[in-house]
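Hi,

Here is the structure I promised to pass on to you. Have a look at it first, and then read my notes below.

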Amino acid sequence: MSEDDEDAESETTADDTTSDEPTPIGVKLGSTRTVLAIPDGDGLRTVKTLTCLATYEDAITGEEKVLYGEEAAREYPDRVQYTLRSGLPEDEDRAELTATFFESVIEANDVPEDSAVVYAIPTIDNEEGLANLESVIEGSSIGQALIRSYPESLCGAVPALGDDLEAVDDIFVTVNLGSTNLEAAAYRRGEQLAPFTTGAVTGNEVDRMIANYVEEETQGRVNIDTTTAREYKETHADFESFEPFTDIIQQPGGGSHEFTIERSVMDAVDEYVDDAVEEIANAFLPELANDHIKVYQLALDQPIVLTGGMTCIPGIVEEFEERLSESLQRDVSAVAPDDPSLSAAVGAQRIAQRLVDADAY
């Protein structure tokens, strides 16, 4: 069992109440992490795990078995497969792997089959990939009462703008700082306007930059893979109070080498913020203003909602706000949900709850 699964299990409390209504569930199948939000008493139980799996052969029976998430990444780093690296299943084989991964998560966490499930879906112009993801969703054992999909950027914004579904009744701009894409859109009472996506500025690219910068900073003595670079980013990147850190690697032929990282992580994330601001200021917002000038004016009078994995970096919301204000030469404010890593699934669950309450199944 992964640490995340243990955390989810420890948060679970017994709920003996029965209901004829389906259980409203929110799901985000992410390129790096998958999150499920499930009602638990008066609150939510969240399941968060790496979107990866590894198969192995049972030493006694010879049966093929599946490990997923942190367990798979830790125990089988040589053959673990991240099934949604591009954000969507790229082909039928990848869709089958994703389905196996997702069903393993469902079974391990006792997710109710009699459920109304809302999926937070990325805004990507890839018909084949979206069709493959749809096959994964429709083929799963959950969602027997209802299956719906809403844009990930809308779902992620819901927890940032109130305790209910205030976001669906508002006009605002959201920017998703994701692993595989930078996404942006305006929303007018739930209607998505001027959706924008680019793969040029991504969290995955930051991981590659960190790996390259570590090699440069250590004058070629240290080479790390992108998984280690992502761990450095998630553990140490901090615009508020970054501190240099040390690590140890094993040398080929024996021995170890201790090294200190002072610049590599923050140089990479600093460049990322500059690049993200440039895309929003010079590509997305001009397009929005050209097509929907009134929405543009109204939306920028409200806080821009930042979501996605990169938003978890301490201080990045303030950095984005300051740099975008400077680029636009006007004051712009930005907000983020309390836990951006969970927000898309939590927002999707609230939408699912509304659908159940409205008997829309």
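Helix H11 (residues 340–357) lies across E1, E2, E3, E7 and E8, and runs at about 150° to E1. Contact here means heavy atoms within 4.5 Å; axes are lines fitted to C-alpha atoms, for helices over the stretch in contact, with angles from 0 to 180 degrees between N-to-C directions. Helices (H or I, at least four residues) and strands (E, at least two) are DSSP runs, numbered from the N terminus.

Before you go further: this is a predicted model, in which local features need pLDDT of at least 70 and side-chain atom pairs count only at pLDDT 80 or more, while totals for chains, interfaces and linings use all residues. Residues are numbered from 1 along each chain as its sequence is written, and side-chain values use heavy atoms, with hydrogens and water left out.

The strands under H11 belong to an open sheet of 5 strands, in the order E3-E2-E1-E7-E8 with mixed pairing (two strands pair if DSSP finds at least two bridges between them). Its edge strands, each pairing on one side only, are E3 (43–50) and E8 (146–151). On average, neighbouring strands are turned by 20° against each other, direction ignored. Strands E1 (residues 23–29) and E2 (residues 33–40) run antiparallel and are joined by 4 bridges, with Lys28 opposite Val35 in E2. Helix H3 (residues 92–108) also lies across E1, E2, E3 and E7 (115–121), at about 140° to E3.

Lys28 turns up again in the second largest pocket: of the 36 lining residues, the closest to its centre are Lys28, Ser179, Gly308, Gly309 and Met310. The volume is about 630 Å³. A pocket is an open set of points on a 1 Å grid over the protein atoms alone, where a 1.4 Å probe fits, with protein on both sides within 12 Å along at least five of seven lines; lining residues have an atom within 4 Å of a point. Points are joined across faces, edges and corners, and the volume is the space filled by probe spheres set on them. H11 gives the most to this lining, with 4 residues.

Lastly, the axes of helices H6 (residues 203–217) and H7 come within 8 Å and cross at roughly 100°. That makes H6 roughly perpendicular to H7 (65 to 115 degrees). Among the residues that meet are Val206 and Ile210 in H6 and Ala229 and Tyr232 in H7.

Enjoy exploring!

Notes. Angles under 35 degrees count as roughly parallel, over 145 as roughly antiparallel, 65 to 115 as roughly perpendicular and the rest as oblique.
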